[in-house]
Amino acid sequence: MSELSPFLIYFLASLLVLASPAMIRNALLLATPVLAALHLFFNIEPGMTASYTVLEFEMVYLRADKLSLLFAYLFTLASFISTVFALHVKDVRQQVAGLIYAGSALGAVFAGDFLTLFIFWELLAISSVFLIWARDTERALNAGMRYLVFQVLSGVLLLAGALLHYQETGSLMFDHVGLNGLAGWLVFIAFGIKSAFPFLHSWLTDGYPEATPTGTVYLSAFTTKVAVYSLARGFAGEEILVYIGVTMACFPIFYAVIENDLRKVLAYSLINQVGFMVTGIGIGTALSLNGAVAHAFSDVIFKGLLFMSMGAVLFRVGHVNGSDLGGLYKTMPKTTGLCIVGAMSISAFPLFSGFVSKSMVMSAMLMENYDYLWLFMLFASAGVFHHAGIKIPYFAFFAHDSGLRPQEAPLNMLVAMALAAFVCLFIGSQPQYLYALLPWEVDYWPYDLTHVLTQTQLLFFSALAFVWLNKQGLYPPELHSTNLDAEWVYRKFLPAGVQRGLAFAHNAKKSTVAATVVHMNSIRRSLSESSIAKYNLSESWPTGSMVLWISFTLVAYLLLDIFIYK
Amino acid sequence: MSDKTEKTYLFDNPRNVDRLLKGFYAVCVFLAVFDLFVHRHIYMDWENIPAFYAIYGFVACVALVLMAKVLRKLVMRKEDYYDE
């Protein structure tokens with residue numbers, strides 16, 4: 001019993017939820033993460049493994065070590081908070097999808113071999129898309145489809161890479177893979193799609209803002225973090241990840257500044273935060289790897305909190321366009337305050353969770369002499385405060401008065417946000433408890449004068465820049481718009497290219513047929529006028545053409561004989 | 001209380017906004033000046049510049065916003081761009 005993988009609790013619960021009446025569904029939903037947490041806490045210890053054999057393959061469905069356990073604790077906590085946030089939702093589709101999705105994330109981090117990982121990798125994709133589709137709009141349906149294509153593609157690459165890996169090494173165990181050979185690269189790109197590498201990221205910024213108000217909270221917690229876990233296990237210390245991570249941290253902040261849909265702003269800032277984790281994994285020292293996974297932990301909670309606050313606005317107002325919001329602090333003061341806690345955490349203010357985890361990656365960069373890249377990351381740190389720390393709360397809750405006077409968020413939403421805010425502050429002020437869970441041995445303490453002073457300076461003067469730009473009228477206004485990103489390639493360029501290609505082929509066919517008809521008619525006319533027309537053979541077309549085709553066939557045989565069978 | 005149609009809220013009063021901003025400026029000045037009197041750990045050369053982080057934060061954000069405005073010229077389309 002103790003070797004039961006926690007994902008089973010979630011999967012069983014999803015069946016029970018399907019079968020049970022509405023009355024007890026909420027109780028079941030809340031009990032699931034609590035049960036899973038108790039099971040994790042009391043029964044599962046680092047070093048435990050469990051597997052069963054299918055055909056000749058050993059499927060390791062439980063491999064517990066400090067790395068997988070850290071993510072398991074995180075996912076159980078995140079699923080509990082998301083469940084509380086979604087407690088008012090009566091849609092069974094979303095409830096079941098949420099359970100299977102969270103369960104699959106747990107299954108994936110405990111998977112010890114590639115086949116088991118693949119199964120949960122695909123289950124993550126299939127269950128999560130229902131959280132987008134449940135919005136029941138045409139936009140959401142299409143965005144969900146595009147999201148699913150990317151996710152399934154990632155799974156296919158993972159399977160291909162895994163099978164090649166098996167062919168090369170004779171083992172399907174999922175440990176350090178590394179970037180040597182095709183197998184390694186296939187797995188790397190599979191992980192890269194799910195962790196939203198540049199150019200492979202558009203499923204995230206396209207799909208997440210279309211999900212239901214509660215669905216995005218689930219989505220932000222699991223998919224990318226499973227990918228970060230997989231990268232940390234399979235590709236720690238691969239230097240290319242440092243460059244990818246820095247790019248991920250930097251480019252989305254420009255989009256985030258000009259984006260109007262505030263949940264899309266958060267989607268961009270999610271990529272920016274994953275950039276810090278990917279960089280940490282690429283550096284590959286004990287400190288940076290600890291920083292990467294610790295930051296994943298902080299990020300799930302504070303990004304969840306921010307998505308929850310925007311979800312609450314979406315739930316009450318019906319949209320989250322920065323251009324049409326403003327002044328909501330007047331009637332949603334609690335949501336405003338909790339959103340600000342999330343904003344300060346993602347900006348890494350001292351005493352908030354982002355500070356104690358991000359500073360590990362930043363310190364590791366300096367220690368490993370990535371000086372210039374460190375400057376880029378410092379730029380990204382200032383930028384994240386600018387777009388997520390200030391822009392989100394400012395345009396939603398303050399700015400100009402939009403005249404909207406929505407009700408405060410429902411109680412369950414407030415409780416979920418308060419829980420997340422508490423975790424942000426607890427991790428930020430008592431980091432020793434999170435540090436004790438980290439997989440690698442390292443002695444690190446974030447609170448010294450240098451760190452606190454420099455980070456506070458960076459943030460306050462970033463804020464000063466915001467104030468100054470606003471007063472000067474230089475700050476770009478929020479506008480209804482679509483900003484072209486990587487998805488333009490497959491949403492506009494390729495379809496337009498295919499359409500143009502088809503139109504070209506159609507025209508070419510039409511003109512060829514017309515030209516041929518004209519030509520044939522003139523040949524026919526000249527034939528009928530010539531002396532050949534008197535021969536019996538050509539009196540009727542069928543025989544004439546038959547002779548013609550027979551001679552063509554014979555010529556073709558002759559040519560084949562000469563050139564191919566010689 | 002004479003106006004029954006709409007309650008006035010914290011930032012409806014411009015003086016409160018003013019107070020908040022003044023407090024904020026004071027903290028900024030304090031942080032910049034404080035930097036001159038304490039010894040920070042230095043890991044790379046640039047950090048020797050007095051109030052390096054303050055200057056960097058300000059310049060970075062102004063640059064970010066100005067570059068984002070240029071980006072807007074390149075990538076901004078109508079809201080229903082993909083629906084056409």
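Hi everyone, let me start with a single residue: A:Asp136 counts as exposed, because it has 10 C-beta neighbours inside 10 Å. One thing to say straight away is that this is a predicted model. A:Asp136 sits in the loop between helix 5 (114–133) and helix 6 (138–169) of chain A. Its backbone is worth a look too: A:Asp136 is not a glycine, yet its phi is positive, at about 60°.

There is a second residue to put beside that one. A:Asn369 also has a positive phi without being a glycine, with a value near 65°. You will find A:Asn369 in the loop between helix 14 (353–367) and helix 15 of chain A. Is A:Asn369 buried or exposed? A:Asn369 counts as exposed, because 11 C-beta neighbours lie inside 10 Å.

Now let me step back to the whole chain. Chain A has 20 helices and three strands, and its C-alpha trace spans about 105 × 65 × 60 Å along the principal axes. Of the 566 residues in chain A, 52% are buried. If you take contacts in chain A between residues at least 6 apart in sequence, 81% of them join residues at least 24 apart.

On to the inside. The largest nonpolar core holds 198 residues, and the members that touch the most others are A:Leu305, A:Leu306 and A:Ala420. Which helix gives the most to this core? That is helix 12 of chain A, residues 286–317, with 19 residues. Let's zoom in on A:Leu305. Beyond its neighbours within four places in sequence, its contacts include A:Leu338, A:Val341 and A:Gly342, and also A:Met417, A:Ala420, A:Ala421 and A:Cys424.

Here is another residue to click on, A:Leu124, found in helix 5 of chain A. A:Leu124 is classed as buried because 26 other C-beta atoms lie within 10 Å, and the cut-off for buried is 20 or more. Leaving out residues up to four places away in sequence, A:Leu124 touches A:Tyr101, A:Ser104, A:Ala105 and A:Ala108, together with A:Phe222, A:Thr223 and A:Val226. As for A:Lys194, it is 70 residues from A:Leu124 along the chain, and the two C-alpha atoms are separated by 10 Å.

Next, the contact between the chains. It takes 38 residues from chain A and 35 residues from chain B. On the chain A side, helix 10 (240–258), helix 15 (371–397), helix 18 (449–472) and strand 3 (482–483) each supply at least two residues. Helix 18 of chain A gives the most to that side, with 16 residues. By class, the side of chain A that touches chain B has 24 nonpolar, 11 polar and three charged residues.

The strands meet across the chains as well. Strand 3 of chain A and strand 1 of chain B, residues 76–77, run antiparallel and are joined by two bridges. In one of the pairings, A:Thr482 has B:Arg77 as its bridge partner.

Last stop, helix 19 of chain A, residues 488–529. Its 42 residues reach 60 Å from the first C-alpha to the last, close to the 62 Å expected at 1.5 Å a residue. Where does helix 19 of chain A bend? The bend is at A:Leu494, by about 25°, and a proline, A:Pro495, follows within four residues. Helix 19 of chain A is also hardly covered, with a count of zero buried residues among its 42.

Thanks for listening, everyone!

Definitions and conventions. Residues numbered from 1 in each chain as written. Chains lettered and ligands numbered in written order. Predicted model: local features only at pLDDT ≥ 70, side-chain atom pairs only at ≥ 80, totals over all residues. Core = buried A, V, L, I, M, F, W, Y, C linked by C-beta atoms within 7 Å. Buried ≥ 20, exposed ≤ 12 C-beta atoms within 10 Å, placed from the backbone. Contact = placed C-beta atoms within 7 Å. Nonpolar A, V, L, I, M, F, W, Y, C, P; charged D, E, K, R; others polar. Pairing = 2+ DSSP bridges. Expected span 1.5 Å × (residues − 1). Bend = angle between axes of the 7 residues up to and from the residue.
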